[in-house]
Amino acid sequence: MNIYMVLSFLQIPNQHNAGAGGHQPAVFRMAVLDTDLDHIFPSSVLPPFWAKLVVGLVAIVCFARSYDGDFVFDDSEAIVNNKDLQAETPLGDLWHHDFWGSRLSSNTSHKSYRPLTVLTFRINYYLSGGFHPMGFHVVNILLHGGISVLMVDVFSVLFGGLQYTSKGRRLHLAPRASLLAALLFAVHPVHTECVAGVVGRADLLCALFFFLSFLGYCKAFRESNKEGAYSSTFWVLLSIFLGAVAMLCKEQGITVLGLNAVFDILVIGKFNVLEIVQKVLHKDKSLESLGMLRNGGLLFRMTLLTSGGAGVLYVRWTIMGTGPPAFTEVDNPASFADSMLVRAINYNYYYSLNAWLLLCPWWLCFDWSMGCIPLIKSVSDWRVIALAALWFCLIGLICQALCSEDGHKRRILTLGLGFLVIPFLPASNLFFRVGFVVAERVLYLPSVGYCVLLTFGFGALSKHTKKKKLIAAVVLGILFINMLRCVVRSGEWRSEEQLFRSALSVCPLNAKVHYNIGKNLADKGNQTAAIRYYREAVRLNPKYVHAMNNLGNILKERNELREAEELLSLAVRIQPDFAAAWMNLGIVQNSLKRFEAAEQSYRMAIKHRRKYPDCYYNLGRLYADLNRHVDALNAWRNATVLKPEHSLAWNNMIILLDNTGNLAQAEAVGREALELIPNDHSLMFSLANVLGKSQKYKESEALFLKAIKANPNAASYHGNLAVLYHRWGHLDLAKKHYEISLQLDPTASGTKENYGLLRRKLELMQKKDV
């Protein structure tokens with residue numbers, strides 16, 4: 001029995017289906033349009049269960065290669081360095097911190113409030129037993145697979161409309177179109193960042209609840225009995241709640257309420273925009289449509305959506321506390337342009353680039369900032385053509401969506417444009433400045449609109465051409481090429497080295513790309529190659545202070561102190577509140593014996609970052625070099641207060657107190673340190689030395705042996721234990737550990753001297769015995 005015969009036997013409720021094609025001729029047109037795609041998909045794969053199974057498997061296969069990837073790029077800050085994932089952090093703190101673990105009230109916070117996403121990271125961390133990336137990646141892949149399955153239902157509504165049986169079951173009226181669109185969504189390469197990058201889970205979770213909210217809103221039009229009004233209100237309220245949940249996963253989620261409103265007004269309410277405009281222009285006071293809105297309950301639902309959305313945004317703004325985040329010019333250069341015309345041209349150019357990434361997702365890059373897209377400063381720039389092409393296409397689609405006599409065509413084009421534009425609005429720079437130029441992750445939701453429009457275009461082509469096999473080959477070719485691109489791109493996201501190097505061919509002018517490659521090389525110990533990339537980053541962006549700071553650090557380690565000082569001085573002149581650069585400048589100046597300048601640099605670092613334990617530690621080292629012992633101890637104490645696990649600061653306090661003869665105080669500090677860091681062998685060693693000088697030989701021996709067990713190849717540990725045994729009178733044990741120490745480090749002059757003294761003593765003892 002075909003779909004036309006089925007429809008003739010079904011009872012379609014009239015109350016809520018007027019805008020969904022409740023009349024039989026409209027249903028017939030929908031079915032005919034769907035059959036235009038019959039040359040692409042055979043009827044055997046059209047049942048919803050099999051369609052969803054195919055879509056889910058394809059979605060997982062596309063990105064499965066990333067399952068064993070590392071934590072890359074932003075994953076380090078959002079996951080590895082985020083204390084909100086660890087059990088020591090109270091769960092309540094998640095509701096007061098941003099996505100990166102900083103307090104929302106802080107001026108340095110990015111204000112990205114996504115507590116539910118962070119909660120899933122925390123659950124991942126708990127189940128994985130630590131920072132094991134495989135579990136995080138698997139969850140992302142499964143989420144994308146589940147969302148792709150859900151898209152079969154979403155596209156079914158967008159293409160087939162809302163039709164229900166008398167039992168409240170929605171009809172699947174466009175199986176071919178919904179399957180094709182869901183497949184196009186599942187295999188789109190622009191989704192790789194969201195799926196293969198763990199941080200992209202925010203977009204995935206947002207999309208999941210976004211589509212659940214939309215489908216929930218659709219269920220508000222299911223009932224036709226006397227309880228229908230109550231049921232309709234319940235589903236609208238549930239949709240608002242799910243939209244709020246989506247927003248707690250990522251900010252874009254709130255836009256689903258606007259999309260639901262558009263769906264209700266233009267589809268359910270059959271609100272013909274062109275007709276209303278014509279009546280207004282002709283001063284027609286009848287406007288029967290407004291009466292229909294009141295009778296249909298549309299105004300009530302709009303009131304619920306508006307008040308619900310306003311309430312959610314108010315709560316969100318209250319929690320955020322201190323206004324929008326402060327971004328720099330390198331994050332979004334166009335937004336800092338003085339001319340409004342330049343800003344408008346570049347914003348529109350960014351829109352065209354986003355559209356191009358949807359149409360041709362071949363040139364993908366993890367970051368599009370810092371010179372990757374030079375500003376358009378004149379209308380004579382050839383790139384203005386891209387703006388014209390974008391608006392030519394958009395205006396054409398809008399005209400078709402408003403002016404077409406085919407109501408079904410108007411509905412699909414309107415919803416396609418709605419899904420394309422509305423979720424993208426938070427990233428458009430229209431309402432507030434965003435911290436990026438182009439970001440592939442924000443296209444996860446808008447890609448739904450692209451899939452709708454592309455599928456509709458294929459259907460229209462099939463209807464007006466006889467070369468259906470050619471169109472089928474093009475469609476299947478696009479699906480296959482996109483799948484292949486997803487597999488390749490997922491492989492590039494498996495490690496930072498592959499990811500960063502993949503960006504060189506796409507954005508060779510992007511200073512951040514060169515910076516990240518340099519940082520990756522430096523972490524692996526390849527300083528020579530790292531210097532080359534850091535220098536290129538600074539050449540491309542002469543104000544790139546982070547590249548200057550990292551390059552200065554490497555030059556400092558290579559004892560090229562003069563150039564290091566010049567770079568770090570330039571960095572703090574460009575960004576006076578760059579605390580890390582001030583501290584590193586102080587370290588270089590200390591090495592150059594410019595002690596007053598070094599102290600001033602350390603003080604500037606602490607001024608701009610009050611809780612800076614590493615800076616207090618280095619300041620203490622400066623004071624120790626100047627024999628300002630009290631100041632050194634105070635600085636190191638500050639470091640341990642701010643960071644109780646700061647082993648170096650504890651050690652330096654113990655050693656300084658030991659060297660100045662304050663053995664009791666040194667012992668107290670050592671015991672305090674070991675209570676906080678019980679497994680630190682360097683602290684055991686330092687305290688053991690103090691206890692040995694205090695003639696607490698037994699306790700000192702126990703700590704030495706424990707330190708040696710933790711680090712058996714430390715020559716100094718064996719050497720100092722030998723000294724303890726030497727003092728204690730256990731000469732054979734002393735001889736044994738002197739020899740082990742000299743085997744590990746034959747050049748240790750102090751150990752050689754002590755060993756020589758011990759041997760002479762043993763020889764004298766042997767002579768006396770004889």
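Trainee: What makes Val342 and Arg343 count as residues that Ala337 touches?

Mentor: The test is distance: a contact means heavy atoms within 4.5 Å. Leaving aside residues up to four places away in sequence, Ala337 touches Val342 and Arg343. This is a predicted model, where local features need pLDDT of at least 70 and side-chain atom pairs count only at pLDDT 80 or more, while totals for chains, interfaces and linings use all residues. Residues are numbered from 1 along each chain as its sequence is written, and side-chain values use heavy atoms, with hydrogens and water left out.

Trainee: Why is Ala337 called buried?

Mentor: Buried means under 20% relative accessible area, exposed means over 50%, and partly exposed is in between, with a 1.4 Å probe and protein chains only. Ala337 has a relative accessible area of 15%, so it is buried. Its place is the loop between helix H14 (298–320) and H15. Helices here are DSSP runs of H or I with at least four residues, strands are runs of E with at least two, and both are numbered from the N terminus. The C-alpha atoms of Ala337 and Leu375 are separated by 9.1 Å, with the two positions 38 residues apart along the chain counted as their spacing.

Trainee: How do you know whether Arg383 is buried or exposed?

Mentor: Set its value against that cut-off: Arg383 has a relative accessible area of 11%, so it is buried. Arg383 is found in the loop between H15 and H16. With residues up to four places away not counted, Arg383 touches Tyr349, Ile373, Pro374, Leu375 and Ile376.

Trainee: And what makes Lys593 count as exposed?

Mentor: Lys593 has 61% relative accessibility, and exposed means over 50%, so the label fits. Lys593 is in the loop between helix H25 (579–591) and helix H26 (595–608). Lys593 also has a positive phi of about 65°, although it is not a glycine.

Trainee: Why does Asn627 count as exposed?

Mentor: Asn627 stands at 58% relative accessibility, so it passes the exposed cut-off too. Asn627, not a glycine either, has a positive phi of about 60°, and lies in the loop between helix H27 (613–625) and helix H28 (629–642).

Trainee: What makes an empty space a cavity, and what makes it a pocket?

Mentor: On a 1 Å grid over the protein atoms alone, a cavity is a set of points where a 1.4 Å probe fits but cannot get out; a pocket is an open set with protein on both sides within 12 Å along at least five of seven lines, and lining residues have an atom within 4 Å of a point. Grid points are joined across faces, edges and corners, and a volume is the space filled by probe spheres set on the points. The second largest cavity holds about 40 Å³, and the second largest pocket about 1,200 Å³.

Trainee: Which elements give two or more residues to the lining of the second largest pocket?

Mentor: They are helix H15 (340–359), helix H16 (384–403), helix H17 (407–421) and helix H18 (446–464). H16 gives the most, with ten residues. The lining has 42 residues, and Ala355, Leu390, Leu394, Leu417 and Leu420 lie nearest the centre.

Trainee: How do the residues of that pocket lining divide by class?

Mentor: There are 32 nonpolar, eight polar and two charged. Ala, Val, Leu, Ile, Met, Phe, Trp, Tyr, Cys and Pro count as nonpolar, Asp, Glu, Lys and Arg as charged, and the others, Gly among them, as polar. The lining of the second largest cavity has nine nonpolar, two polar and no charged residues.
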